[in-house]
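Got the model open in your viewer? Let's walk through some of its side-chain contacts, one selection at a time.

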Amino acid sequence: MRGPWRAAVALALHLGFFAVPIALVLGLLAIALYTFRYDRGSGLEAALAALVVGAVFAIGLRAVLSTRVDPRGVALRRDEQPQLWKLVSSIADAAGAEPPDEIRVTSEPGIAIVEDTALLGLRTRGRYLEIGMPLLAALTISELRALLAREIGMLGGSGTAVTARRCARTVERTVASLTSGPVKWLFGGYARAYTAVAAPVSFQLEPGADRLAVRVAGKRAAITALRKRVAIELGWRDYAEEFLSMATTVGHTPDVILGFRAFMDHPARKPALAERAKQAIAEGTDRTDGGPPTRDRIAAMKQLKSADRELDDRPAFGALREPRTSVPALEDELVVEGLGARLPWPELVRLAGAAQAAQQAAQLSSAIEQSGLQIDPAIGGVLAAIHRGQARDLINPALNPGLDPERLDQAAEDMLVELLGGAVVDALVCARRAHHELDWGGPPLVRLAAGGQPLDPDRLVRPAVADPRLIPGLHRTLVDLGVPLNHLRPPEAEPEPALSGIISPVQVSGTGYELLVTDRGLVLLPSQASSTKRLLSGALARLRKAEYEQLDELAATPVAELRDQPGAHWVDTRDVATARLVQLRAGWTLRLEMYLDEYAVSALPAEIVADEEGVAEVELSSTGDAMEHGDPYGGIGELMGARMIVEDTTSGANE
């Protein structure tokens, strides 16, 4: 089924979602009235049945229809940014679509029209155009116009198709917002049926939106914008991981967007990101919105006959009024709370690099302390221990217990190189013989004060770590560089576990617990919610909201505080020998084999006891009414690593 018929059928199905329950209740009431004329008792029973069915439908519809969209980012008023509003309005006129109610700037590298709807998409409450600041930093005016035209053009096609698409997006969003319960089970079935009918409608709107982009921005700009959008998304992930993380390390605010522009324009980054984007487009791995692959859209654009427009190569920031002042102001509103005063990138990198080196030196001292070896934790003592062949025993406490045994030797070498190299840099920084220097093309450079030469700590220490016979030569080199060999840091306190996700609830020995998955172990908290309350939360919006708020509160609480709560238990990853995740048709079971000897640091329920060899088995099982927060299953996989075997009983496959 193609063309307007599919959209019409989708809308008819959607209207039927509301009409069928109403018709059913009215039919029951009509039967009750008819029966009442001949048998009052039977008529009253039929009327009561109609009221019960009507109440059930009303509760379910209330849960489904209560979903709202909260706009993200910072709103740009028309009088504050008239140029951007004029650009958007002109594109909306060309598309034959209504302009958005608000234009909002977000911190993510994307651009989208977000609609807040009523009646599952049949009526629009508000329409928001979200533009990511990273796009404004890396695109030109022409490329921005092309992406805006593509998004707004999706609203300018056939009215039936646009409505069917809006309903489909609302249905998908509603299903995702519902908790486990009868309403989600029933509505999920309808959502799958409606999506199967309506999904192709979006594909039918895509060519028209791309033709509009070519018409208003030119073929060259439209194609370039598609490619650059993929590169920007890849670059933003790298930028956030490599550079924005430094801001939280030192507690200061950087120039986020100006820094991203410098990152994207660096001679080493630009061609590498372009090549990665080209590969992602060719492989079709760039699809994030469910639309056609970018490679197909580019191929279709190339076939269009259109007079190319003159390119406007000004930065997309040019669409903003006074970008020198408006961009920092927008950043201040979007920035993470709790960061200190703004610092230039060179100074921030200098502080962050020094903090990282100090942390690595402290981690080296911690590993030595936990190893139990009688080793001087200063640099000179570590060199002597490596020369004696104690490198593996020294660094073993710092390794991930879930590592594949075949990778342990290389992982031990890499970890010792990283921590020893960090300790050397820390010693040089503390002695004012080196500092960290900003390099948008890679990690911060370590620059020696004497002579200004760069220092690569990995290249400096790895040969001697790999071959202890070279330790005397490394010793002489460090002395020549002026490294204080007596330098050390106090052992680092055990880091606060980082939360990966929550599953609420799970069953352990017949008792319900909230399972919090961290990067260092599992926290089990006694569950306070009954199964009845969880089932009702699937139907009642107020209870559902309360459940989500409770999970948000748990996620925001420091793990150390949660572990100290009454009845809380802790499964430390260092005590886990093996893990087996069994996937069942109705859920899953996680079986952990644990060492509970005198060195164990886990705190388990009293009913879990070890055998004569100090080994115990802990079994966690899913429940049918469980809710999730974050990425708990990915966290379990990373936590257990090579120790975990996945058994899928639904297909008979093991991993």
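Select Arg342 first: this is a predicted model, and here the arginine counts as partly exposed, at 31% relative accessibility. Now add Asp332. Its side chain and that of Arg342 meet in a salt bridge, 2.5 Å from N to O. Asp332 is partly exposed too, with a relative accessible area of 47%. Show the ribbon and you'll find Arg342 in strand E6 (residues 340-342) and Asp332 in helix H12 (residues 323-334), 10 residues apart.

Next, pick Glu413 and Arg462. They form a salt bridge whose closest N and O atoms are 3.0 Å apart. Glu413 sits in helix H16 (residues 408-430) and Arg462 in helix H17 (residues 457-466), so this pair ties together parts that are 49 residues apart in sequence. As for accessibility, Glu413 is partly exposed at 22%, and Arg462 is partly exposed at 22%.

Now jump to Arg150 and Glu206, another salt bridge, at 2.1 Å from N to O. Arg150 belongs to helix H5 (residues 141-153) and Glu206 to helix H7 (residues 182-217), so the bridge ties together parts 56 residues apart in sequence. Are these two buried or exposed? Arg150 is buried, with a relative accessible area of 5%; because its relative accessibility is 6%, Glu206 counts as buried as well. Keep both selected and add Glu151, Arg229 and Glu233: together with Arg150 and Glu206 they are linked in a network of salt bridges. Across the whole structure there are 32 salt bridges.

Time for the rings. The structure holds 18 aromatic pairs. Start with Tyr239 and Phe260: their ring centres are 5.3 Å apart and their planes make an angle of 55°, so the pair is tilted. It connects distant parts of the chain, with Tyr239 in helix H8 (residues 219-250) and Phe260 in helix H9 (residues 256-265), 21 residues apart. Both Tyr239 and Phe260 are buried.

Leave Tyr239 on and bring up Phe263. This is a tilted aromatic pair too, 5.4 Å centre to centre with 55° between the planes. Tyr239 in helix H8 and Phe263 in helix H9 are 24 residues apart, and both are buried. To see the wider group, add Trp236, Phe243, Trp345 and Trp440; with Tyr239, Phe260 and Phe263 they form one aromatic cluster.

Last stop: zoom in on Arg563 and Trp570. The charged end of Arg563 sits over the ring of Trp570, 4.0 Å from the ring centre.

Definitions and conventions
Residues numbered from 1 in each chain as written. Predicted model: local features only at pLDDT ≥ 70, side-chain atom pairs only at ≥ 80, totals over all residues. Heavy atoms only, no water. Phe/Tyr/Trp six-rings, centres within 6.5 Å; stacked < 30°, edge-to-face > 60°. Helix = DSSP H or I, 4+ residues; strand = E, 2+ residues; numbered from the N terminus. Buried < 20%, exposed > 50% of the residue type's maximum accessible area, 1.4 Å probe, protein only. Lys NZ or Arg CZ within 6 Å of the ring centre and 35° of its normal. Salt bridge = Lys/Arg side-chain N within 4 Å of Asp/Glu carboxyl O.
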